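Let's take a friendly walk through a protein model. Have the sequence and the 3D view ready, and look up each residue as we come to it.

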Amino acid sequence: MKKIVVLTVALIASVSCSKDKKSASAAVKMQDFVIDISAYARQSDPDFIIIPQNGIELAFNGLEPEEGLHTVYMNAIDGFGVEELFYNGTANTTDERYDYLQQLKTTKKIMVSEFVSNDADIPDAYAKNDAEGFVCFPRSNDNYYYNHVPGSIHQENAADINQLSDVNNYLYLINPENFSSKQDMINALALTNYDLLLIDLFFNGESLTASEVNQLKTKANGGKRLVISYMNIGSAEKYRYYWQSNWKKNRPGWIKKKYDGYDDEFWVKFWHKDWQTIIYGNDDSYTKKILNAGFDGVYLDNVEAYYFLYHKE
């Protein structure tokens, strides 16, 4: 679960000129980063799915819809993940993200994770997203941190899901704390009929294997489904395999600052070669591990890091 920010033209214009220029430059670097991750992954798997979460404005030249779509970026991705579009506890007033998505929804799948504190509002969250053609995953209070499997599935079906555009529902589960073991989690997920499973590559630091991921690619009703791995590209996480113990005293220069609200995370200068080497481009990279495990794609978190590097949260 990451903090959501609505990046509007008015907001960006309100900051100092120097911060504005740094953010604009970093935005271009994030676009390039996502494009490069996609190109690397698709060398191994041409059908590999790329879904950035939040940072919707990166789809446009200059971050502004009036400047037109960033064609290379759009070709590098398959959809968009969005958090708290219509609900953040209670119902939201629609913001600029809604307007941006109107220009994007005809060509890309939109996956929306809503936080719905009152279960009675869940049908309304589904209805609002259904009306827009968005795929909704509503989180109630006890699932705020994406840590359990809800008991019912919206638009459940037995169809084969071969590409992101086929998806009618999905499970967002990146915190497996309620499962006693990796196999316990795999068994539970295998018994569901979600069209798409969005999960972490790791269970308590241990990577899922290609055999284990393959067990998840068939719904309980027999239909095929997609299995997508979460990967954080905008902040470093202390509990990940790449974190080194000596960084406690001697942090690498590409670590920028603490991620407020998340004790184990740090915003990074994501354009730095050493960070990008961790993420993609070599056999020990995060993306390569995801490819080796047989995932159908990757869900890129914190692409909006380009903004938070230079502004308070």
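What follows is a short tour of strands, loops and aromatic rings in this predicted model.

**A strand with covered faces**

Start with strand β4, which covers residues 135–139. How many residues of β4 are buried? The count is 5 of the 5, so the rest of the structure largely encloses this strand. You can check both of its faces: V135, F137 and R139 lie on one side, C136 and P138 lie on the other, and all are buried.

Strand β4 has a partner. It runs parallel to strand β3 (residues 109–116), and 5 bridges join the two. In one of these contacts, M111 has V135 of β4 as its bridge partner. To get from β3 to β4, the chain passes through helix α5 (residues 122–132), and this β-α-β crossover is right-handed.

**Two residues with positive phi**

Next, look at two loop residues. Neither L63 nor Y146 is a glycine, yet each has a positive phi. The table sets them side by side.

| Residue | Phi | Loop | Relative accessibility |
|---|---|---|---|
| L63 | near 70° | between β1 (49–52) and α3 (71–76) | 11% |
| Y146 | about 55° | between β4 (135–139) and β5 (170–173) | 0% |

Are they buried or exposed? L63 counts as buried because its relative accessibility of 11% is under the 20% cut-off. Y146 is buried as well, with a relative accessible area of 0%.

**Rings that meet**

Now turn to the aromatic side chains. The structure holds 24 aromatic pairs. A pair of rings is described by how far apart the centres are and by the angle of the planes. One of the pairs is W243 with F266: the centres are 5.6 Å apart, the planes meet at 15°, and the pair is stacked. W243 sits in the loop between β10 (235–237) and β11 (255–258), while F266 belongs to strand β12 (residues 265–268), so their contact ties together parts that are 23 residues apart in sequence. Both W243 and F266 are buried.

These two rings also belong to an aromatic cluster, which includes F202, Y241, Y242, W247, W254, W275 and Y286 too.

**Charges over rings**

Finally, find two lysines. Which ring lies under the charged end of K289? It is the ring of Y241, with the charged end 4.7 Å from the ring centre. Y241 is one of the cluster members named above. In a similar way, the charged end of K29 sits over the ring of W271, 4.4 Å from its centre.

Note on methods. Residues are numbered from 1 along each chain as its sequence is written. This is a predicted model: local features need pLDDT of at least 70, side-chain atom pairs count only at pLDDT 80 or more; totals for chains, interfaces and linings use all residues. Side-chain values use heavy atoms; hydrogens and water are left out. Rings of Phe, Tyr and Trp (its six-membered ring) pair if their centres lie within 6.5 Å; planes under 30 degrees apart count as stacked, over 60 as edge-to-face and the rest as tilted. Helices (H or I, at least four residues) and strands (E, at least two) are DSSP runs, numbered from the N terminus. Buried means under 20% relative accessible area, exposed over 50%, partly exposed in between (1.4 Å probe, protein chains only). A charge sits over a ring if NZ of Lys or CZ of Arg is within 6 Å of the ring centre and within 35 degrees of the ring normal. Two strands pair if DSSP finds at least two bridges between them. A crossover is right-handed if, with the strands pointing away from the viewer, the path from the first strand over the helix to the second runs clockwise.
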